[in-house]
Amino acid sequence: MTAALARPIHLRYAAPSELAAAPLHSSVRLSLDSARGPVGVRGTLRDAALFRDAMAALATILESDLRYKGRDRAAYLAYLMKQGKKATAAIWEAQKAFLESAFADDAASARQGDGSPAKASGALDPVLTVHPDEVSIEVFSRDESAYARLAFSSDLFEGREAAHGTAFVDLSPRIVEQIDRLRVYTKVELDAGASRAAGPTGAGARGASIERSLEVPATWLRGFLQVQSAATLPAVSCELAPIDLYNALFVLRTRKAKKPPRGLRFELVPGKPPRLILEPWEILLEGHGPPYEGPPRVVRTFGRQRLLALSRLLPHVRGARAELRGPGLPVFWVLDLGRATLTVALTGWTDSSWASAASFDALMPRDGGVRATLDALAGRQLALLRERGPLPLAALAAGGSAEDARAALQLECLRGRVLYDVARRVYRPRELFPEPVDEREIRFSSPREAAAHRLLGAPGAVRPTKVHEIAGEGTEIHGQVADREAHRDFSPRFTMDLEGRVSDPWCSCPTFRRSGLREGPCEHMIALRVAYARERAEKDALRQTAEGRSLIRAETRTYVRREASGAEVVYRVSLDDRVVHLSWGARGGEPRHQRIWFDTDGEARDAYFKRLDGLTSSGFVDADASSA
């Protein structure tokens with residue numbers, strides 16, 4: 001499926017969601033899609049303040065959109081035209097057409113809050129699932145950069161009545177505003193149901209039924225399902241105290257970064273609480289949570305500004321956990337709220353761009369001759385989840401390979417039939433649609449990305465020829481692509497900055513020469529981006545063995561160590577054939593340099609790895625091992 005295609009969805013709500021308030025009693029009535037059958041939950045809330053604040057934070061993530069929006073200059077262009085300036089009617093009409101297309105979703109959403117017809121295309125409504133042990137609501141932000149799952153434990157409800165299943169829920173801006181004004185000192189009841197009657201005040205008081213036909217873009221559905229697929233991958237996790245989250249949010253709220261890098265860096269040292277460093281100010285926040293258990297790592301993450309959506313929940317947070325899954329993949333934050341849990345996945349980009357193609361490449365289960373076996377295993381595991389409910393990976397992989405079980409469950413996540421609960425580390429059955437999503441339809445975001453993977457399928461057709469590390473700026477990557485269908489070789493290149501963004505692209509193909517990036521990146525650039533990511537992952541795996549180390553002729557590693565005073569020492573070691581280059585010093589200061597020549601490349605390689613092992617034994621942490 002290409003980016004232009006969409007999935008048609010028809011939603012039918014018996015009435016709009018509303019808040020019915022009385023002097024001593026309030027009822028939150030959430031309408032569910034009636035096409036999914038008898039699904040719902042009802043009960044009195046034991047902690048109405050927690051419900052109110054959690055729903056407000058969830059709505060903030062749902063409505064977040066950090067994409068760049070151009071200014072409305074239509075009135076100014078009209079003024080120039082009246083003055084006889086160089087502003088033609090064609091320019092004015094083009095400006096208005098651009099604004100109408102750019103803000104069509106926002107205007108339609110506003111009309112939906114008034115009860116009039118909703119937009120014909122856009123994101124899906126939030127997904128509500130009633131499990132035996134909890135009720136969860138899932139949302140995906142408008143800019144496709146943040147996913148959130150809010151789970152209310154059964155302990156939150158008094159007199160809980162539930163019908164298990166999954167349905168879409170009407171969570172319009174109107175009901176969100178009403179919940180935000182909820183009086184928590186009175187008795188509050190939650191009544192969410194699909195086929196429930198309008199209520200004691202009659203159907204006329206609640207309004208007429210709502211029917212909407214949506215065209216959900218393939219890119220939105222792809223991001224929604226692939227972010228959940230990322231949750232199944234192995235992760236490095238660390239625990240934070242509530243005060244650690246407060247300190248990070250305080251810095252982000254009171255400061256604004258005007259230059260890159262804009263990352264949130266984790267320093268994970270075994271036996272010590274995690275440290276947080278906010279760039280570019282290099283503000284060090286000492287952790288107050290449990291000691292970290294695992295190999296030493298320095299992990300850089302992006303998308304930190306979206307953490308401000310969690311500010312409303314700070315009074316309820318009992319603990320926080322950050323799960324880091326790899327370069328470019330989403331970072332999962334799990335907030336323990338007592339009777340509720342909020343899981344938030346933050347990506348490093350505010351829009352689906354070609355730079356993210358390499359990240360999503362890791363989210364697809366392996367293909368090839370084992371697909372039939374993988375499908376059969378996925379079917380058995382889905383049946384087991386439906387029969388027994390939430391299960392951890394160990395229980396699902398009993399008697400078989402854990403990697404095979406994870407790949408099969410990852411496939412079911414992409415089909416929308418299984419959900420991985422990051423907070424409790426269990427798999428849950430969750431039917432997003434009555435029919436499963438064909439994972440091949442969301443495999444690629446555009447025809448050019450599909451063409452790029454066609455090139456990657458030919459052995460040796462795509463290879464990076466030069467990788468040049470630019471200190472303090474990023475990595476310059478050159479490559480060679482043999483396009484057998486075009487019977488030509490092309491030479492793409494680009495630069496990746498410290499935040500993973502791509503700049504200065506160039507390619508010798510006709511597409512780039514004709515339009516540059518105005519029509520999007522060519523398939524050769526995308527293929528080189530994915531090939532570089534795969535090669536880097538393979539090298540990181542090979543360098544752990546003696547055979548793999550013998551193949552390395554050129555590489556650069558950065559090691560860091562935090563002194564007792566709080567100062568950070570950075571040690572950079574480079575291997576270039578028969579030369580070992582050393583650079584060390586305090587971060588932000590003038591480093592010292594040393595260059596050592598050897599008679600053979602083998603001697604240089606041995607000295608290089610001996611130097612790295614010595615740094616590790618001296619308390620330095622490899623900063624290149626895991627940067628998200």
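**Buried charges, paired rings and one cysteine**

Glutamate 568 is buried, and arginine 265 is buried too. Keep those two in mind, as they come back below. What you're looking at is a predicted model. The protein has 628 residues, and 51% of them count as buried. Its chain forms 17 helices and 31 strands.

**The whole protein**
- Take the contacts between residues with a separation of 6 or more: 66% of them join residues 24 or more positions apart.
- The accessible surface adds up to about 28,700 Å², and carbon and sulfur atoms own 52% of that.

**Salt bridges**
- Side chains of opposite charge can pair when their charged atoms come close.
- How many salt bridges are there? The count comes to 42.
- One of them pairs glutamate 279 with arginine 265, and their closest N and O atoms are 2.6 Å apart.
- That pair links distant parts of the chain, 14 residues apart: arginine 265 is in strand β13 (residues 264-268), while glutamate 279 is in the loop between β14 (275-278) and β15 (283-286).
- Are glutamate 279 and arginine 265 buried or exposed? Both of them are buried.
- Arginine 265 also forms a salt bridge with glutamate 568, where the closest N and O atoms are 3.1 Å apart.
- Glutamate 568 belongs to strand β28 (residues 568-576) and arginine 265 to strand β13, so this salt bridge ties together parts that are 303 residues apart in sequence.
- Glutamate 568 has a salt bridge with arginine 562 as well, at 3.6 Å from N to O.
- Arginine 562 is buried, just like glutamate 568.
- Salt bridges that share partners hook these residues into one network: Arg265, Glu267, Arg275, Glu279, Glu282, Glu286, Arg300, Arg562, Glu568 and Arg587.

**Aromatic rings**
- A search of the whole structure turns up twelve aromatic pairs.
- Why does the pair of tryptophan 220 and phenylalanine 224 count as stacked? The ring centres are 5.3 Å apart and the planes sit at 10 degrees, so the pair is stacked.
- Helix α7 (residues 218-230) holds both tryptophan 220 and phenylalanine 224, which are four residues apart, or about one turn of the helix.
- Both tryptophan 220 and phenylalanine 224 are buried.
- Now try tyrosine 608 and phenylalanine 609: their ring centres are 5.1 Å apart but their planes are at 75 degrees, so this pair is edge-to-face.
- Tyrosine 608 is buried, and phenylalanine 609 is as well.
- Tryptophan 220 and phenylalanine 224 also share one aromatic cluster with Phe140 and Tyr147.

**Charges over rings**
- Arginine 7 has its charged end over the ring of phenylalanine 433, 4.4 Å from the ring's centre.
- Over the face of tryptophan 281 you'll find arginine 255, at 6.0 Å from the ring centre.

**A look at cysteine 413**
- Cysteine 413 is part of helix α12 (residues 402-414).
- Why is cysteine 413 called buried? Its relative accessibility is 0%, so cysteine 413 counts as buried.
- Which residues does cysteine 413 touch, leaving out those up to four places away in sequence? They are Leu225, Gln228, Ser229, Thr232, Val418 and Tyr420.
- Leucine 225 is 188 residues from cysteine 413 along the chain, yet their C-alpha atoms are separated by 6.6 Å.

Conventions:
Residues numbered from 1 in each chain as written. Predicted model: local features only at pLDDT ≥ 70, side-chain atom pairs only at ≥ 80, totals over all residues. Heavy atoms only, no water. Helix = DSSP H or I, 4+ residues; strand = E, 2+ residues; numbered from the N terminus. Buried < 20%, exposed > 50% of the residue type's maximum accessible area, 1.4 Å probe, protein only. Contact = heavy atoms within 4.5 Å. Phe/Tyr/Trp six-rings, centres within 6.5 Å; stacked < 30°, edge-to-face > 60°. Lys NZ or Arg CZ within 6 Å of the ring centre and 35° of its normal. Salt bridge = Lys/Arg side-chain N within 4 Å of Asp/Glu carboxyl O. Areas by Shrake-Rupley, 256 points an atom, 1.4 Å probe, with all protein chains shown as cover.
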